[in-house]
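User: I am new to this structure and should like to understand the reasoning behind the terms used to describe it. Please show it first, and then take my questions in turn.

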Amino acid sequence: MAVKLKVDKLSYKYNELTKILKGVSFAIEQGEFIALIGPNGSGKSTLLKNINSILKPDQGKVYLDELDLQKLAKKEMAKRLAVVPQNTTINFDFTVEEIVLMGRAPYLSRFKGESSQDYQIVREAMELTNTTQFADRRINQLSGGERQRVILARALAQQPEVLLLDEPTSNLDINYQLEMMELLRKLNREQELTILIVIHDLNLASQYCDKLLLLNQGQIYGFGTPEEIITAENIEEVYGSKVIIRRNYPSNRPYVTLVDNCYLPNQQLDHKVHLICGGGSGRKLMENLVEMGYQVSCGVVNKQDSDWEVAKSYGVEIISEAPFRSISKEQHQANLAKIKGVDTVVLADIPFGPGNLLNLEAALWAIKEGKEVIIIDQVGIEDKDYTAGKGSSLFRKLLDEDPLVVKEKYEVLEMLNQKIKM
Ligand code: ADP
Ligand code: MG
């Protein structure tokens, strides 16, 4: 792949006292979709403005293909590189179509007006950004999100090879943010548009972009795939926040969750907990256990079940059965084998039918093996037994073994935490 945009040892200061960019170097290949991330004030907007020559670097260079952007005439640059700035203030009361048409300015000669081809390109840009219906409206009559799409349409009308965007999704609601990212991904894939986007939301960046460029105090802290950049160490170091990194299902991209300091484990606890759950009965507890640092596994859970999805997203080991299938002997055995190696088994408040009765057997087996078993029993077995009595009789056998029984999930956490302290 050819390098499309290259920033070489770029430094910038607004005044003598404040050096903002300190020797920034990186290269973006043609067709890459890159997120520029970093805390407020780290220099992201300043970097973008240096790339598109709104600001002049004190040192260093920016190349597009082999062209030195500082030496390129504005018009020539605008044919290759377009910008969607953070705050666009348009003073004049232009119509939407007039604004998108401005994107054609770099292609117009002094003596000729817009050709039918220019209008065609404008129409396409408006269709792509879903702004056609506003063509005759005044830009000031549009909502923030709609206006942002018009500015994007104008940028696309420039038919650039590289598109720079500065937080185009901030202040927009979540649906619109996703729509914008989907559109950018589509442009990136279908038209091989090279994109560098400043984005506040680390999870959007992780989800949509090929690589992340992490800026910290005017220097590049890291440049790599979402997996390489979105790590708890990096985020803690650069943003100063404690986070948990999960895998987003099904994309498998890292997903950042901020955590309350008091819940964050300094290290993995040396205590293994196996959750017998299903149908969402284990969901909340599983999240809490993982966030507290316990080594969690679960089973037997049907694939695609909501407990299965949570377990997937946390990277929790799952003994699973095919969707909607009864637990097979094999998976039951695998469950028992797993249980053998853990410290505590928790039986969640699951309804029992013929398909998952073996999970109750597993709990009974565990307690007979001498495992510590905690049962969450809020509902009462009669109200969750759909097996014409088989489940109830098994459950009573289980109670005869004198397990720990609690009514609420938080009591499980309290019990476990008590043990950890001892
Ligand atoms: P980011 O976009 O990452 O939030 P900026 O590039 O906007 O960061 O700002 C980086 C630093 O430069 C900040 O400390 C900011 O206060 C400072 N800064 C931004 N614009 C100016 C300016 N016009 N004059 C002086 N300092 C500025
Ligand atoms: Mg900024």
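**Reasoning from values to terms**

Analyst: In this predicted model, Tyr294 touches Gln268, Leu269, His271, Val273, Leu289, Leu416, Asn417 and Ile420, when residues up to four places away in sequence are not counted. Tyr294 is found in the loop between helix H10 (283–292) and strand S14 (295–302).

User: Why is Tyr294 called buried?

Analyst: Buried means under 20% relative accessible area. Tyr294 has a relative accessible area of 2%, so it is buried.

User: How far apart are the C-alpha atoms of Tyr294 and Val273?

Analyst: They are separated by 6.8 Å, while the two residues stand 21 residues apart along the chain. Val273 is also among the residues that Tyr294 touches.

User: What makes the bond between Gly299 and Val300 a matter for comment?

Analyst: The peptide bond joining Gly299 and Val300 is cis, with omega about -20 degrees. Most peptide bonds are trans. Val300 lies in strand S14, the strand that comes after the loop holding Tyr294.

User: Which residues surround ligand 1?

Analyst: The shell consists of Tyr14, Ile20, Pro39, Asn40, Gly41, Ser42, Gly43, Lys44, Ser45 and Thr46. By class, 3 are nonpolar, 6 are polar and 1 is charged.

User: How do you know that Gly41, Gly43 and Ser45 make polar contacts with ligand 1?

Analyst: The cut-off for such a pair of N or O atoms is within 3.5 Å. A polar backbone atom of Gly41 is 2.8 Å from an oxygen atom of the ligand, and a backbone N or O atom of Gly43 lies 3.0 Å from a ligand oxygen atom. For Ser45, a polar side-chain atom lies 2.9 Å from an oxygen atom of ligand 1. Taken alone, ligand 1 exposes 560 Å², of which the protein buries 57%.

User: Which helix gives the most to the shell around ligand 1?

Analyst: Helix H1 (residues 44–51) does, with 3 residues.

User: Why is H1 described as largely enclosed by the rest of the structure?

Analyst: The description follows because 6 of its 8 residues are buried. These are Lys44, Thr46, Leu47, Leu48, Asn50 and Ile51. After H1 comes Ser53, whose phi is positive, near 65 degrees.

User: Why does Asn216 count as buried?

Analyst: The threshold is under 20%, and Asn216 has 16% relative accessibility, so it counts as buried. Asn216 lies in strand S9 (residues 211–216). Leaving aside neighbours within four places in sequence, Asn216 is in contact with Pro39, Ser42, Tyr221 and Val238. Pro39 and Ser42 also appear among the residues surrounding ligand 1.

User: What makes the length of helix H5 close to expectation?

Analyst: Helix H5 (residues 144–157) has 14 residues and reaches 20 Å from its first C-alpha to its last, close to the 20 Å expected at 1.5 Å a residue.

User: How do you know that H5 is mostly covered?

Analyst: The count of buried residues is 11 of 14, including Gly145, Gln148 and Arg149. The cover includes strand S6 (81–84), helix H3 (96–101), helix H4 (116–128), strand S7 (162–166) and helix H6 (174–191).

User: Why does Gln158 count as buried?

Analyst: Gln158 has 12% relative accessibility, so it counts as buried under the 20% limit. Gln158 is found in the loop between H5 and S7. Its contacts, leaving aside neighbours within four places in sequence, are Ala78, Lys79, Leu81, Ala82, Gly103, Arg104 and Tyr107. The side chain of Gln158 also reaches the backbone oxygen of Leu81 at 3.5 Å.

User: What makes the phi values of Lys9 and Ala388 noteworthy?

Analyst: Most residues other than glycine have a negative phi. Lys9, however, has a positive phi of about 50 degrees, and Ala388 has a positive phi near 55 degrees. Lys9 lies in strand S1 (residues 3–13), whereas Ala388 lies in the loop between strand S17 (372–376) and helix H14 (390–400).

User: Are Lys9 and Ala388 buried or exposed?

Analyst: Exposed means over 50% relative accessible area. Lys9 has 56%, so it is exposed; Ala388 has 82%, so it counts as exposed too.

Technical notes:
Residues numbered from 1 in each chain as written. Chains lettered and ligands numbered in written order. Predicted model: local features only at pLDDT ≥ 70, side-chain atom pairs only at ≥ 80, totals over all residues. Heavy atoms only, no water. Near = heavy atom within 4 Å. Polar contact = N/O pair within 3.5 Å; in protein donor to acceptor, adjacent residues only side chain to side chain. Areas by Shrake-Rupley, 256 points an atom, 1.4 Å probe, with all protein chains shown as cover. Helix = DSSP H or I, 4+ residues; strand = E, 2+ residues; numbered from the N terminus. Nonpolar A, V, L, I, M, F, W, Y, C, P; charged D, E, K, R; others polar. Buried < 20%, exposed > 50% of the residue type's maximum accessible area, 1.4 Å probe, protein only. Contact = heavy atoms within 4.5 Å. Expected span 1.5 Å × (residues − 1).
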